[in-house]
Amino acid sequence: MNYCHIRNTSCFFKKYFLYIINFVILIILTVLPFMLVIRKFFSKEITLILILLCLIIQVLIHIKFFLHLNLSNKYKWNVISIIFAFVISTIILSGSYWVIKSLNHNMYSVEV
Amino acid sequence: MLNNLVNKKIDTIKLNSNLLNSNKLFGFWLYLMSDCIIFATLFSVYIVMKNNVAHGPSGPEIFNFFMIILESLFLLFSSFTFSFSLLNVEKYNINKSILWLSITFLLGTSFLLLEMFELYNLITIGYGPSHSGFLSAFFTLLLTHSIHVITALIWILVMIRQIISFGITCKVYTRILCLSLFWHFLDIVWVFVFSIVYLIGETL
């Protein structure tokens, strides 16, 4: 049977328009950190913060507009699972960084 | 009477398919989250191994920024064309959705070829994955991402074939939704790769 209930398609061109705006924003956010790193406009710390800022904004735009995730009741478990994955990733990243850092400290290794 | 029965049947199918749809999508979403944890582990390995260069090259010596910008733009653009394809699928516009899917496939392939070219260059000048801890972590991370991209590319070809043979049915639509989640997820992982591996590696 060729029957399928598909999401609301009424605002087709509005969606196109929204995608194009997002696309332009994402291109700017992609090229900007590369320019910052290549041209070296700012000091290292400011460049680092700007790169991380661009990263976070890009990921949020991707999740909102491409993965269509929002905080409505329908996506409650999706949001919970993404938070869970985020917590586990944070534990893995910070934990391994911490362990290796104290390992280096206790071994009196030469800082590279 | 008969009409009523048919209508009732259509309603059940609609309900069931919606249920199925959301369950499958949620299951796929859970898979993506566990994949996310795999990538987090690989990133943490990379961050730990970053300074273990063993007299070989460090990151900034081997990165070619022009290639990386090109790869990022290809992948970003392919994400964008995939959304267009999804919009056309939702309008039951078979020809246009196949066209946009093919463009996505071409962009994904060019991304993959550029990345393979870059890694192949590194291996030919003697900086293969066995050279140092840094290079091992770098190759593992990039190749895991590439394997995901290859899987997604095969999946796109399969979906094009399914749209041609079955049209846009409920099952095909669910599969395309899963594929779109997967493709956008790969793009998000690539954003992390170029920010953390290339840019922060260059800055620090």
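I take contact to mean heavy atoms within 4.5 Å.

**Setup.** I am working on a predicted model, in which local features need pLDDT of at least 70, side-chain atom pairs count only at pLDDT 80 or more, and totals for chains, interfaces and linings use all residues. Residues are numbered from 1 along each chain as its sequence is written, chains are lettered from A and ligands numbered from 1 in the order in which they are written, and side-chain values use heavy atoms, with hydrogens and water left out.

**B:Trp183.** I listed the residues it touches, not counting those up to four places away in sequence. The list is B:Leu75, B:Ser78, B:Ser79, B:Phe82, B:Thr104, B:Gly108, B:Val149, B:Ala152, B:Leu153 and B:Ile156.

**Core.** I then looked up nonpolar cores (buried Ala, Val, Leu, Ile, Met, Phe, Trp, Tyr and Cys residues joined through side-chain atoms within 4.5 Å; buried is under 20% relative accessible area, exposed over 50%, partly exposed in between, with a 1.4 Å probe and protein chains only). The largest has 73 residues, and B:Trp183 is among those with the most contacts inside it, as are B:Phe63 and B:Trp190. Elements of both chains give two or more residues to this core, including α2 (44-66) of chain A and α5 (133-166) of chain B. Helices here are DSSP runs (H or I, at least four residues), numbered from the N terminus. The largest share, 22 residues, comes from α6(B). Another core, of 12 residues, lies apart from it and includes A:Tyr19 and B:Leu87.

**Interface.** I find 54 residues of chain B in contact with 49 of chain A. The two chains bury about 5000 Å² between them, 80% of it on carbon and sulfur atoms; this is the accessible area (1.4 Å probe) lost on putting the parts together, summed over both. On the chain B side, α1, α3 (65-90) and α6 (170-203) each give two or more residues. I checked for salt bridges (a side-chain nitrogen of Lys or Arg within 4 Å of a carboxyl oxygen of Asp or Glu) and the rule finds zero across this interface.

**B:Thr41.** This residue sits in helix α1 (residues 2-49) of chain B. I note it as partly exposed because its relative accessibility is 33%. A polar atom of its side chain lies 2.7 Å from the backbone oxygen of B:Ile37. B:Leu141 is 100 residues away in sequence, with a C-alpha to C-alpha distance of 9.6 Å.

**B:Tyr92.** I found this residue in the loop between α3 and α4 of chain B. Its phi is positive, about 55 degrees, although it is not a glycine. Most residues other than glycine have a negative phi. B:Tyr92 counts as partly exposed, at 41% relative accessibility.

Notes
Polar contact = N/O pair within 3.5 Å; in protein donor to acceptor, adjacent residues only side chain to side chain.
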